[in-house]
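Here are a few exercises to work through with the model open beside you. Try each task before you read its solution.

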Amino acid sequence: MPPVPRATFIIAAAAIAIVGCRIGVRYSVGGTVTGLTGQGLVLADNAGDDLVIGSNGTFVFTKGIANNDTYSVTVATQPSNPAQTCTVQNGSGSIDKADVSNVIVSCQQAGHYAYVANQLSNNLSAYSIDAAGFLAPVAGSPFAIAGTDPVSLVVDPNGRYLYVANKGSNDVAVFAIDSTTGALASAGLPSSTGGSPQAVTLDPTGSHLYVANLASNSVSAYAVESSTGLLTEIANSPFAVGAQPASLKVAPSGNFLYVTNFGDGTVDALAIDSATGSLSRIFGSPFAAGAGALSLALDPSGAFAYVANETAATISEYSIDASTGGLTLIAGSPLATGTSPESLAVDPAGRYVYAANVTAKNQVAAYSIAPLSGALALSGSPVAAGAFPISIVLDPSGLFAYVANDSSNDISVYAVEPTTGVMTAVSHSPFAAGNEPRSIAVD
């Protein structure tokens with residue numbers, strides 16, 4: 001047998017060395033914290049690697065994880081002063097030859113401020129919220145806007161900025177929020193959108209903002225500048241969707257965007273590129289809903305989705321495939337409501353869906369969520385609201401529900417019993433707003 005060339009031994013030795021290095025590689029686990037105002041938050045990975053978090057932003061655990069090993073990020077200690085509840089999304093899995101950077105930790109507490117978009121009076125009402133849910137106008141309210149016809153608004157996860165979709169001027173305005181008083185100040189020039197922007201939402205980290213353009217059948221996408229809150233439209237935006245997109249929500253995982261299309265009664269499901277914010281339709285999208293698909297709500301775990309079909313007077317119920325984002329109708333869906341549901345909200349514990357019902361009844365109804373299937377069932381009797389209740393939101397604690405009444409120009413406020421979901425109007429409710437309040441957001 002001829003001798004093996006020396007070069008072969010060198011190559012073989014190098015290959016062994018490379019394999020050995022790969023065996024020793026450990027990968028990092030980290031993500032983003034939003035909404036943190038308290039002190040003492042401690043995260044844990046695999047119940048052994050503790051990390052103290054002092055501020056919002058990115059984090060990385062000190063200890064690495066070997067390939068194919070599992071990670072599990074949990075909250076070891078909740079923050080205090082003020083007391084908050086922090087929850088984890090994308091917190092567990094197995095390492096697959098790459099660092100993990102998409103864990104989302106969202107911290108919340110009882111709402112401090114509420115903001116209302118008044119379409120006809122072309123301004124924004126701002127309120128402080130006391131421990132009983134009572135609304136008191138903040139100094140300077142209502143606040144003027146540069147655009148026209150404000151119809152939708154959203155607060156960023158860290159409570160620093162308010163974004164307002166102006167349907168008449170086809171733009172999104174950005175306001176800085178004074179954390180001490182709740183007052184608003186323009187943060188810069190509005191950003192242009194497509195035709196008739198109808199709804200606005202943010203991803204869970206506050207890195208990207210999306211707008212449903214009713215008249216141009218598209219979704220505009222923007223990167224958010226963290227230090228100023230201002231917007232830069234991303235490449236290839238706007239993205240085509242179905243007819244007359246009316247509402248949109250990002251999944252708690254931050255991986256998918258769901259859009260209701262009023263004109264063709266469908267729901268578009270779009271995958272989100274976490275690095276760029278770019279959108280692409282997932283397989284099977286769009287998914288069938290009911291006539292006049294208007295409002296959309298997702299449960300906090302990202303397992304279920306609900307769509308208010310205004311024209312059909314039903315609620316479509318779906319289970320969500322966590323890996324693909326696809327929607328599957330739940331047995332018995334759609335659920336007949338008897339009225340035209342205009343807006344939906346899910347409580348933070350994922351136990352109830354609340355529907356602002358319009359037409360002659362002017363009520364708000366609560367539906368319990370079956371834990372395993374996600375199916376809805378009417379819970380108790382609906383409660384009275386103002387004229388044409390058009391938007392409903394729950395505060396981050398889930399203890400209060402706020403409803404914007406378009407035709408009576410006011411806000412109904414309800415205390416929510418957490419175990420039963422029963423709503424009771426708080427003292428002095430309803431509270432005066434501007435003309436045609438169309439949307440409400442709580443910080």
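**Exercise 1: the disulfide**

The structure holds one disulfide, meaning a pair of cysteine sulfur atoms within 2.5 Å. Before we dig in, note that this is a predicted model, where local features need pLDDT of at least 70, side-chain atom pairs count only at pLDDT 80 or more, and totals for chains, interfaces and linings use all residues. Residues are numbered from 1 along each chain as its sequence is written, and side-chain values use heavy atoms, with hydrogens and water left out.

Task: find which cysteines form the disulfide, and which strands they sit in.

Solution. Start with the sulfurs: those of Cys-86 and Cys-107 are 2.1 Å apart. Next, place them on the chain: Cys-86 is in strand 8 (residues 85–89) and Cys-107 in strand 10 (residues 100–108), so the link joins distant parts of the chain, 21 residues apart (strands are DSSP runs of E, at least two residues, numbered from the N terminus). Then check the handedness: with 110° about the S-S bond, the link is right-handed. Finally, both Cys-86 and Cys-107 are buried (under 20% relative accessible area, with a 1.4 Å probe and protein chains only).

**Exercise 2: a four-stranded sheet**

Task: work out the strand order of the open sheet of four strands, and find its edges.

Solution. Reading across, the order is 4-3-7-9, with antiparallel pairing (two strands pair if DSSP finds at least two bridges between them). The edges are strand 4 (49–53) and strand 9 (92–94), each pairing on one side only. From one strand to the next, the twist averages 25°. Now zoom in on one pair: strand 3 (residues 41–45) meets strand 4 over five bridges, in the antiparallel sense. Along that pair, Val-42 has Val-52 of strand 4 as its bridge partner.

**Exercise 3: the lining of a pocket**

Task: say which strand gives the most to the lining of the second largest pocket.

Solution. First, list the strands that each supply at least two lining residues: strand 2 (29–34), strand 5 (57–60) and strand 10. Strand 10 gives the most, with five residues. By class, the lining has eight nonpolar, 15 polar and one charged residues.

**Exercise 4: one phenylalanine**

Task: is Phe-143 buried or exposed?

Solution. Locate Phe-143 in strand 14 (residues 143–144). Its relative accessible area is 12%, so Phe-143 counts as buried. One last step: the C-alpha atoms of Phe-143 and Asn-123 are separated by 5.6 Å, though these residues are 20 residues apart along the chain.

How values were computed. Axes fitted to C-alpha atoms, helices over the stretch in contact; angles between N-to-C directions. Buried < 20%, exposed > 50% of the residue type's maximum accessible area, 1.4 Å probe, protein only. Nonpolar A, V, L, I, M, F, W, Y, C, P; charged D, E, K, R; others polar.
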